[in-house]
Amino acid sequence: MATKKRLKTQAAAPATAASAPISVVILAAGQGKRMKSELPKVLQPLAGRPILKHVIDTARGLEPAALYVVYGHGGDRVREVLKGEADVSWKLQAERLGTGHAVLQAMPDVPDDHMVLVLYGDVPLIRAATLAELLSLAGPKQVALLTMMPEDPAGYGRIIRNSRGQVQKIVEQKDASRKEAKVRESNTGLLAAPAKLLKKWLASLKNNNASKEYYLTDVIAMAVKDKVAVNPFIAPELIEVLGVNDKAQLAELETAYRQKTARELMLAGVTLADPARLDVRGTVTHGTDVFIDVNVVLEGDVKLGNRVRIGPNTIVRNSEIGDDTEVFACCVIDGAVIGAKCNVGPFARFRPTCVAGDGVHIGNFVEVKNSRLGADSKANHLAYVGDARVGDRVNIGAGTIIANYDGANKHRTTIGNDVHTGSNSVLVAPITVGAGATIAAGSTVVKEVEAGKLTVARAKQVVIQDWQRPTKPKK
């Protein structure tokens, strides 16, 4: 039923794709009391990014001439978190006097010949394709209005049409009559309108309503009065126009985002052990025949090569993993570049700026920090490799520690090709280990290790004949 109605209203409205420059105005001044959080509502995280960031990124995809964010509550913090958004013009709504008043804060900077697209900072899942279709219904004498058909419209403004199906006005829930409250079609708040007319209507808004606010929705009735066409477009999917007002709604959108992303990956050829147990909090590019097990979190910019396998309970953040590499269970890979045909884990950790060449093995309970490992090098058990440059075919024995920190400064260790370190050895940086050297198990090495030689650095084993173990006094 909703689909038929959408098709009918679209056919009645000329699809004159908005050729005018676009100014996007994002309303993000709400306090979000129902979040019960010190963090402003628009900074609440969705898929690892503030919900406002999702809206900004989607708007940017439309290539607008200008992008305005109207902020208010927690404004300094909002601007600080999103200070990297260089193309955003910030407009302060010092008093929260309604959505119409909020849009008005940006309008002095908007040229009259622009098309204004109004978005909301707490509606993060709106798709660029939906906005593009909405804009196609707007023009110099046309307003485009995005509506929705929720199962329960309680709390939303109602779209009031005449007998011919034409939009006449929007009535807020608090101001609706019994008949109007029974209308299912509801307002999303998103619209596109020519700037010159929108400025005129906003200047004429009154606050004679139950909330004593200046409603943006009232411009619809003004447009009708001025014989400006109002072209409604029912959102294709309800989830993309739902706002976030509390943590329960935030979790609902998180689930929807997770499902959408998992489906996109599977349709692109990625095998997911369980689509419901994958979290993507960024962007993922991948090759063919990639397999991702359960409870994997992919954050930031992640690149997976062909035939990569990611084991369960693993976090990959801002990292690149080469072809035919397998990451076993319970690993953390953060800011690393890992080559082809590597094995990582289980229970291994790469910290930022690490690079592993092809064929590297990093095994159980091994941590690698700010280091480069050459091709076919291995650290298979219980090791720490910090601030090191490791050559090719190096074998780092179980329990080997590269002691890079003297309590004040970090120091570099350089290990040549074909080096072997024995179990439970310590290399105290700064130090250089020559190619082909072997360090005996249990050694603490503090000087340069000669290439091609065996180095032993142990205390002499002695037996204290008359030593007795201390005992606790009897009570």
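Which helix holds both R60 and D57, and how many residues apart are they? Both sit in helix α2 (residues 51–60), three residues apart, about one turn of the helix. Helices here are DSSP runs of H or I with at least four residues, strands are E runs with at least two, and both are numbered from the N terminus.

This is a predicted model, in which local features need pLDDT of at least 70, side-chain atom pairs count only at pLDDT 80 or more, and totals for chains, interfaces and linings use all residues. Residues are numbered from 1 along each chain as its sequence is written, and side-chain values use heavy atoms, with hydrogens and water left out.

**Salt bridges**

The structure holds 27 salt bridges. The term covers a side-chain nitrogen of Lys or Arg within 4 Å of a carboxyl oxygen of Asp or Glu. Among them are these three:

| Pair | N to O distance |
|---|---|
| R60 and D57 | 3.1 Å |
| R258 and D279 | 3.4 Å |
| R393 and D418 | 2.7 Å |

The R258 and D279 pair links distant parts of the chain. R258 belongs to helix α9 (residues 247–267), D279 to strand β13 (residues 278–286), and these positions lie 21 residues apart in numbering.

R393 and D418 also link distant parts of the chain, 25 residues apart. Both are in loops: R393 between β30 (388–390) and β31 (395–396), D418 between β33 (413–415) and β34 (420–421).

Accessibility is judged by relative accessible area: buried is under 20%, exposed is over 50%, and partly exposed is in between (1.4 Å probe, protein chains only). R393 is partly exposed at 41%. D418 is partly exposed at 34%. In helix α2, R60 has 28% relative accessibility, so R60 counts as partly exposed. D57 is partly exposed too, at 24%.

R60 and D57 also belong to a wider network of salt bridges. Its members are R49, K53, D57, R60, E85 and D87.

**Aromatic rings**

How many aromatic pairs does a search of the whole structure find? The search finds two. Rings of Phe, Tyr and Trp (its six-membered ring) pair if their centres lie within 6.5 Å; planes under 30 degrees apart are stacked, over 60 edge-to-face, and the rest tilted.

Y71 and W90 form an edge-to-face pair, 5.9 Å centre to centre, with 80° between the planes. Y71 lies in strand β4 (residues 66–71) and W90 in strand β5 (residues 88–92), 19 residues apart. Both Y71 and W90 are buried.

F347 and F365 are stacked, with centres 5.0 Å apart and 10° between the planes. F347 is in the loop between β22 (343–344) and β23 (349–350), and F365 in the loop between β25 (361–364) and β26 (367–369), so the pair ties together parts 18 residues apart in sequence. F347 is partly exposed, at 41% relative accessible area.

A charge also meets a ring: K410 lies over the face of Y405, 5.4 Å from the ring centre. The rule asks for NZ of Lys or CZ of Arg within 6 Å of the ring centre and within 35 degrees of the ring normal.

**Cysteines**

A disulfide is a covalent bond between the sulfur atoms of two cysteines. Here the test is a pair of cysteine sulfur atoms within 2.5 Å. The count comes to zero.

Why does C331 form no bond with C330? The C331 sulfur has its closest cysteine sulfur in C330, 7.3 Å away, which is too far for a bond. C331 is buried at 0% relative accessibility. For C342, the closest cysteine sulfur is in C331, at 12 Å, again too far for a bond. C342 is likewise buried, with a relative accessible area of 0%.
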